[in-house]
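Please open the model in a viewer and keep a selection panel at hand. The tour proceeds from one selection to the next and states what is found at each stop.

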Amino acid sequence: MDEKQDLRVIKTKRAIREALLKLVKEKDFAKVSVRDLCAYAEINRGTFYLHYQDKYDLLERIELELLDTLRELMSKRLANKMEHFVGHPEFLLQFATELFRYVDKEAEVFSMLLLDSVSPMFPNKLKDLIRGNFLRAQKKEFDLSTLSIPFDYLMAYATSANVGLLQQWLAEGRKNPPEKMAEVLVTITLMGPVRAMGYKT
């Protein structure tokens with residue numbers, strides 16, 4: 001495929017994605033048809049089916065693209081083990097800033113997936129990604145049985161808190177800049193919610 005064809009494919013896929021974002025603001029995803037998507041994207045049905053099996057395949061591809069980018073970001077910025085970051089919060093802040101900047105850039109898509117009922121399982125997929133990255137960042141000799149809190153409870157709390165923070169930020173219209181939200185995430189992560197509220201423990 002030559003460069004001109006590549007650009008045409010990119011443009012077509014972008015138009016289809018934009019069509020989906022517009023349509024789900026007007027009606028439930030269940031009521032969105034391929035015909036609707038094609039009309040908004042100004043393409044024919046044959047062109048749509050060249051790239052996607054159906055609207056569910058389109059949605060899944062969008063999710064995978066976001067998750068793959070986040071996974072790459074985590075692998076690049078959180079390449080060291082967890083103990084390295086505890087003593088150097090500036091590295092966590094750098095990662096968190098990039099994270100929120102990416103979500104800000106793709107805010108419409110993240111809002112569709114995290115706030116609307118379009119993809120009920122996406123928050124769990126995001127939590128699984130966070131959990132997997134946490135495990136990857138542990139020391140080789142990390143022993144789950146030595147934890148004072150069961151690991152599954154710890155991860156349920158941590159992943160829900162991270163996803164919840166993203167959802168709140170998106171729901172309020174991203175009124176704080178990504179840099180500020182990065183500071184919020186790092187502060188709560190390192191201090192815990194009680195200490196972050198000003199209470200001494």
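Residues are called buried when their relative accessible area is under 20%, exposed when it is over 50%, and partly exposed in between, computed with a 1.4 Å probe on protein chains only. Helices are DSSP runs of H or I of at least four residues, numbered from the N terminus. The model is a predicted one, in which local features need pLDDT of at least 70, side-chain atom pairs count only at pLDDT 80 or more, and totals for chains, interfaces and linings use all residues. Residues are numbered from 1 along each chain as its sequence is written, and side-chain values use heavy atoms, with hydrogens and water left out.

**First stop: helix α2**

Select residues 34-41, which form helix α2. Which residues of α2 are buried? They are Val34, Leu37, Cys38 and Ala41. Viewed down the axis of α2, these buried residues fall within an arc of 95 degrees, taken from the directions from the helix axis to the C-beta atoms, so they line one face of the helix. An α-helix has 3.6 residues a turn, so residues three or four places apart point the same way. Now colour Arg35 and Ala39: these exposed residues are carried on the face of α2 turned away from its buried side. Just after α2, select Glu42, which takes a positive phi of about 60 degrees.

**Second stop: helix α4**

Select residues 55-77, helix α4, and find Leu73 within it. Leu73 is buried, at a relative accessible area of 10%. Add Ala96, 23 residues from Leu73 along the chain; the two C-alpha atoms are separated by 10.0 Å.

Next, display Asp57 and Arg61, whose side chains meet in a salt bridge at 3.3 Å, N to O. A salt bridge here is a side-chain nitrogen of Lys or Arg within 4 Å of a carboxyl oxygen of Asp or Glu. The two residues are four apart in α4 and are thus separated by about one helical turn. Asp57 is buried, with a relative accessible area of 11%, whereas Arg61 is partly exposed at 37%.

**Third stop: the second largest pocket**

Keep Arg61 selected and add Ile10, Lys13, Arg14, Arg17, Tyr52, Leu58, Ile62 and Glu65; together they line the second largest pocket. A pocket is an open set of points on a 1 Å grid over the protein atoms alone, where a 1.4 Å probe fits, with protein on both sides within 12 Å along at least five of seven lines; lining residues have an atom within 4 Å of a point. Helices α1 (3-26) and α4 each supply at least two residues of this lining. From the lining, select Arg17 and Glu65, then add Glu106: a network of salt bridges links the three.

**Fourth stop: salt bridges between distant parts**

The structure holds 10 salt bridges. Select Glu179 and Arg101, which form one with their closest N and O atoms 2.9 Å apart. Glu179 lies in helix α10 (residues 178-196) and Arg101 in helix α6 (residues 89-105), so the pair ties together parts that are 78 residues apart in sequence. Glu179 is partly exposed at 34% relative accessibility, and Arg101 is partly exposed at 46%.

Finally, select Arg174 and Asp104, a salt bridge whose closest N and O atoms are 2.5 Å apart. Arg174 is in the loop between α9 (151-171) and α10, and Asp104 is in helix α6, 70 residues apart. Both count as partly exposed, Arg174 at 33% and Asp104 at 28%.
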